Amino acid sequence: MKKILAEIAYDGSMYHGFQRQPKKPTVQGEIEQALMKINKKKIKIHSSGRTDKGVHAKRQIITFDININIPINNLKKALNAILLKTSIKILKLKYVKSSFHPRFNAKKRKYSYCILNSDNYYPWEGYQAHYVNKKLNISNLNKMAKILIGNHDFTTFSCIKDKSKSKFRHIHFAKFKKRGKYIIFEIIGSSFLWKMVRSIIGTMLDIEIKNESISIFEAILKSKNRNLARTTAPANALFLDKVYYE
């Protein structure tokens with residue numbers, strides 16, 4: 001039995017999240033079905049984290065154990081041939097130690113959020129972006145993003161259904177960047193609470209759109225009161241960019 005790490009990308013638009021769900025299309029379900037066609041037995045995959053319904057991934061990390069005598073490059077080709085009609089792509093495969101776990105061995109995770117901030121765009125450009133019709137002030141947004149850096153209790157931006165024992169998370173990097181007609185928000189943290197990134201973005205955007213004081217964002221964060229968070233940003237513009245390991 002060999003443990004394989006796979007680096008995968010997917011468009012989450014047609015899936016009910018990463019985690020397998022009965023009678024609903026999921027990323028995990030599609031990959032496990034593809035592995036079963038090759039292995040002729042059920043194989044369970046493990047991931048670095050579960051993305052929500054509609055969220056995409058550029059470099060999600062999964063692992064699985066397989067007992068089959070096939071060159072790893074051929075296994076990658078076979079999986080991609082089966083997944084051809086899905087929105088999932090196997091980018092890389094490699095062998096890892098049996099003790100490796102994609103979630104517990106992860107040190108940091110990077111997410112990005114794509115904001116379309118221009119009226120001059122093609123219809124399909126809003127497919128994986130959140131359209132905001134007011135011209136945004138990146139300087140103001142970055143002043144709020146800077147407040148996130150460090151170790152904080154993110155109860156305010158957690159989902160009520162989040163079962164994490166601790167709401168403290170360490171944020172290493174958070175910044176808005178202008179890229180043509182888009183504004184991209186990038187954030188790197190040790191880990192994230194359920195819907196935390198989208199709740200943060202939705203709150204920052206609402207404060208900026210309403211021309212409210214930046215100090216309000218800091219007060220909302222420190223309040224540890226979920227009722228003070230603003231509207232959660234849509235899932236279609238969120239990407240899991242990268243998972244960091246030692």
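**Figure 1. Phe185 and its neighbours in the nonpolar core.** In this predicted model, Phe185 touches Tyr111, Ser112, Tyr113, Ala145, Leu148, Ala174, Lys175, Phe176, Ile201 and Met204, leaving aside residues up to four places away in sequence. Look for Leu148 in that list of contacts. Leu148 and Phe185 are the residues with the most contacts inside the largest nonpolar core, which has 67 residues. Helix α4 supplies the largest share of this core, seven residues. A second, separate core has six residues, and Cys114, Leu116, Tyr182 and Phe239 are among them.

**Figure 2. Helix α5 and its buried face.** Here you can follow α5 through residues 214-223 and pick out Phe217, Ile220 and Leu221, which are buried. Where do the buried residues of α5 fall when seen down its axis? They fall within an arc of 100°, so they line one face of the helix. A general rule is handy when you look at any such helix: an α-helix has 3.6 residues a turn, so residues three or four places apart point the same way. The cover over the buried residues of α5 includes helix α3 (138-147), β7 (150-153) and α4 (196-209). Just past the end of α5 comes Lys224, with a positive phi of about 55°.

**Figure 3. Two lysines with positive phi in loops.** Lys40 is not a glycine, yet it has a positive phi of about 70°. You will find Lys40 in the loop that runs between α1 (27-39) and β2. Is Lys40 buried or exposed? Its relative accessible area is 68%, so Lys40 counts as exposed. Now turn to Lys195, which also is not a glycine and has a positive phi of about 65°. Lys195 sits in the loop between β9 (182-189) and α4. With a relative accessible area of 34%, Lys195 is partly exposed.

**Figure 4. Thr63 and Ile61 in strand β3.** Thr63 is found in strand β3, and Ile61 has its place in β3 as well. Thr63 is buried, because its relative accessible area is 1% and the cut-off for buried is under 20%. Ile61, at 6%, is buried too. Which residues does Thr63 touch, not counting those up to four places away in sequence? They are Lys3, Ile4, Leu5, Lys44, Ile45, His46, Phe100 and Pro102. With the same kind of sequence neighbours left out, Ile61 touches Leu5, Ala6, Glu7, His46, Ser47, Ser48, Pro102, Val243 and Tyr245. Try comparing the two lists: Leu5, His46 and Pro102 appear in both. One more pair to locate is Ile61 and His101, which are 40 residues apart along the chain, with their C-alpha atoms separated by 9.8 Å.

**Figure 5. A cavity lined by seven named residues, Ile70 among them.** How can empty space inside a model be found? Rolling a probe the size of a water molecule over the atoms shows where empty space is left. The structure holds one cavity of 30 Å³ or more, and the largest cavity has a volume of about 40 Å³. Its lining is made by Lys2, Ile4, Ile66, Ile68, Ile70, Leu75 and Tyr95. Sorted by class, that lining has six nonpolar residues, no polar ones and one charged residue. Ile70 is found in the loop between β3 (56-66) and α2 (72-82). At 22% relative accessibility, Ile70 counts as partly exposed, because buried means under 20%. Ile70 touches Leu75 and Tyr95, not counting residues up to four places away in sequence, and these two residues also help to line the cavity.

**Figure 6. The largest pocket and the residues around it.** The largest pocket has a volume of about 1,200 Å³. Of the 37 residues that line this pocket, Gln19, Gly49, Arg50, Thr51 and Asp52 are the closest to its centre. The elements that give two or more residues to the lining are β2 (46-47), β5 (108-116) and α4. Which element gives the most to the lining? That is α4, with three residues. By class, the lining of the pocket has 12 nonpolar, 13 polar and 12 charged residues. You have already met helix α4 in the first figure, where it gives seven residues to the largest nonpolar core.

Notes: Residues are numbered from 1 along each chain as its sequence is written. This is a predicted model: local features need pLDDT of at least 70, side-chain atom pairs count only at pLDDT 80 or more; totals for chains, interfaces and linings use all residues. Side-chain values use heavy atoms; hydrogens and water are left out. Buried means under 20% relative accessible area, exposed over 50%, partly exposed in between (1.4 Å probe, protein chains only). Helices (H or I, at least four residues) and strands (E, at least two) are DSSP runs, numbered from the N terminus. The arc is that of the directions from the helix axis to the C-beta atoms. Contact means heavy atoms within 4.5 Å. On a 1 Å grid over the protein atoms alone, a cavity is a set of points where a 1.4 Å probe fits but cannot get out, and a pocket is an open set with protein on both sides within 12 Å along at least five of seven lines; lining residues have an atom within 4 Å of a point. Grid points are joined across faces, edges and corners, and a volume is the space filled by probe spheres set on the points. Ala, Val, Leu, Ile, Met, Phe, Trp, Tyr, Cys and Pro count as nonpolar, Asp, Glu, Lys and Arg as charged, and the others, Gly among them, as polar. A nonpolar core is a set of buried Ala, Val, Leu, Ile, Met, Phe, Trp, Tyr and Cys residues joined through side-chain atoms within 4.5 Å.
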